[in-house]
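Reader: I am in my first year and would like a careful, close look at one part of this structure, namely a pairing of charged side chains. Could you start from that pairing and then lead me outward to its surroundings?

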Amino acid sequence: MIIRTKLPLSQLKPHPKNDEIYGDGADEELKASLLAYGQLIPLHVCSDRKTVISGCRRLDGMDCKEYMDLHGTHAECLVFDEIDPGSPEAMEHLVNANMGRDKTTEMELREIKFLMEANKKTRLPADQQRKQKIIDLLSKNGGVDVGLGGVAPRSNAGLKEESKDEGME
């Protein structure tokens, strides 16, 4: 069941894997948009009513005095009552919710790694949809080698390098 509700910003936190995979927060453009227009899209929250699995950058942008003074101390949320924060479903939701965003190749490779780890923990074979997502990500980036040691690019050709200035455009 999915429940639409408002939750206090002070109780919400990003899923711990979000920073490991993406390692970014709200940029200045997102912060300015949130200040100007408020929250337009609900955050997706796990059954614990604390762990955000979609909207972590928006949460970061709303977690400031200036935003709360203008728009209040609560966030519009969709609570997914059947998704536990530590479950493979939470990892899948986190990655799926970020499919459309701009990402570096390294972020995409970390997504694949975490989806594979989540699948191993359940000791169940990956279903066709998971396999297709991995295949799509691999083909989008010119391919990678997936082995027992993890995921590695086949070559450096066409890979975008991460830099400290990235995201400051």
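**A salt bridge and its surroundings**

Author: Asp 24 and Arg 101 are joined by a salt bridge, in which the closest N and O atoms are 2.3 Å apart. Asp 24 sits in the loop between H1 and H2, while Arg 101 sits in the loop between H5 and helix H6 (105-122), so the pair ties together parts that are 77 residues apart in sequence. Please keep in mind throughout that this is a predicted model. Side chains of opposite charge can pair when their charged atoms come close.

How buried or exposed are the two partners? Asp 24 has a relative accessibility of 28% and therefore counts as partly exposed, whereas Arg 101, at 13% relative accessibility, counts as buried. The step from number to word rests on a cut-off, because buried means under 20% relative accessible area.

The structure holds six salt bridges, and two others belong to the helices on either side of the loop that carries Asp 24. In one of them the side chains of Lys 17 and Glu 20 meet, with 3.8 Å from N to O. Both Lys 17 and Glu 20 lie in helix H1 (residues 16-21), three residues apart, which is about one turn of the helix. Lys 17 counts as partly exposed because its relative accessibility is 23%, and Glu 20 is partly exposed as well, with a relative accessible area of 42%.

In helix H2, Glu 28 forms a salt bridge with Lys 31, and here the closest N and O atoms are 3.8 Å apart. Glu 28 and Lys 31 are again three residues apart, about one turn of the helix. An α-helix has 3.6 residues a turn, so residues three or four places apart point the same way. Glu 28 is exposed, with a relative accessible area of 59%, while Lys 31, at 30% relative accessibility, counts as partly exposed.

Beyond helix H2 (28-37) comes a loop that leads to strand S3 (43-45), and Ile 41 has its place in that loop. Together with Tyr 37 and Leu 40, Ile 41 forms a nonpolar patch on the surface, and the accessible area of these residues together is about 390 Å².

On the side of Arg 101, the loop follows helix H5. Seven of the ten residues of helix H5 (residues 88-97) are buried, so this helix is largely enclosed by the rest of the structure. The buried residues are Pro 88, Ala 90, Met 91, Glu 92, His 93, Leu 94 and Val 95.

Two of these buried residues lead to further parts of the chain. Met 91 belongs to a nonpolar core of nine residues, which also includes Ile 21, Tyr 22 and Leu 115. His 93 is touched by Phe 80, whose other contacts include Met 1, Ile 2, His 44 and Val 45. Phe 80 is found in strand S5, and with a relative accessible area of 12% it is buried. Although Phe 80 and Met 1 are 79 residues apart along the chain, their C-alpha atoms are separated by 6.2 Å.

Val 45, which Phe 80 touches, is one of the residues with the most contacts inside the largest nonpolar core, a group of 14 residues, and others among them are Leu 12, Leu 43 and Val 52. The elements that give two or more residues to this core are S3, helix H3 (56-62) and strand S5 (74-80). Val 52 touches Leu 12, Leu 43, Val 45 and Leu 59, among others, when residues up to four places away in sequence are not counted.

Thr 51, in strand S4 (residues 51-54), counts as buried because its relative accessibility is 1%. A polar contact of 3.1 Å joins its side chain to that of Lys 13, and the residues Thr 51 touches also include His 15, Pro 16 and Val 45.

To place all this in the whole, the chain has seven helices and seven strands, and 39% of its 169 residues count as buried. Among contacts between residues at least 6 apart in sequence, 77% join residues at least 24 apart. The pairing of Asp 24 with Arg 101, with which we began, likewise ties together parts that are 77 residues apart in sequence.

Definitions and conventions
Residues numbered from 1 in each chain as written. Predicted model: local features only at pLDDT ≥ 70, side-chain atom pairs only at ≥ 80, totals over all residues. Heavy atoms only, no water. Patch = residues over 30% accessible without salt bridge, like charges linked within 9 Å, V, L, I, M, F, W, Y side chains within 5 Å. Areas by Shrake-Rupley, 256 points an atom, 1.4 Å probe, with all protein chains shown as cover. Salt bridge = Lys/Arg side-chain N within 4 Å of Asp/Glu carboxyl O. Helix = DSSP H or I, 4+ residues; strand = E, 2+ residues; numbered from the N terminus. Buried < 20%, exposed > 50% of the residue type's maximum accessible area, 1.4 Å probe, protein only. Contact = heavy atoms within 4.5 Å. Core = buried A, V, L, I, M, F, W, Y, C linked by side-chain atoms within 4.5 Å. Polar contact = N/O pair within 3.5 Å; in protein donor to acceptor, adjacent residues only side chain to side chain.
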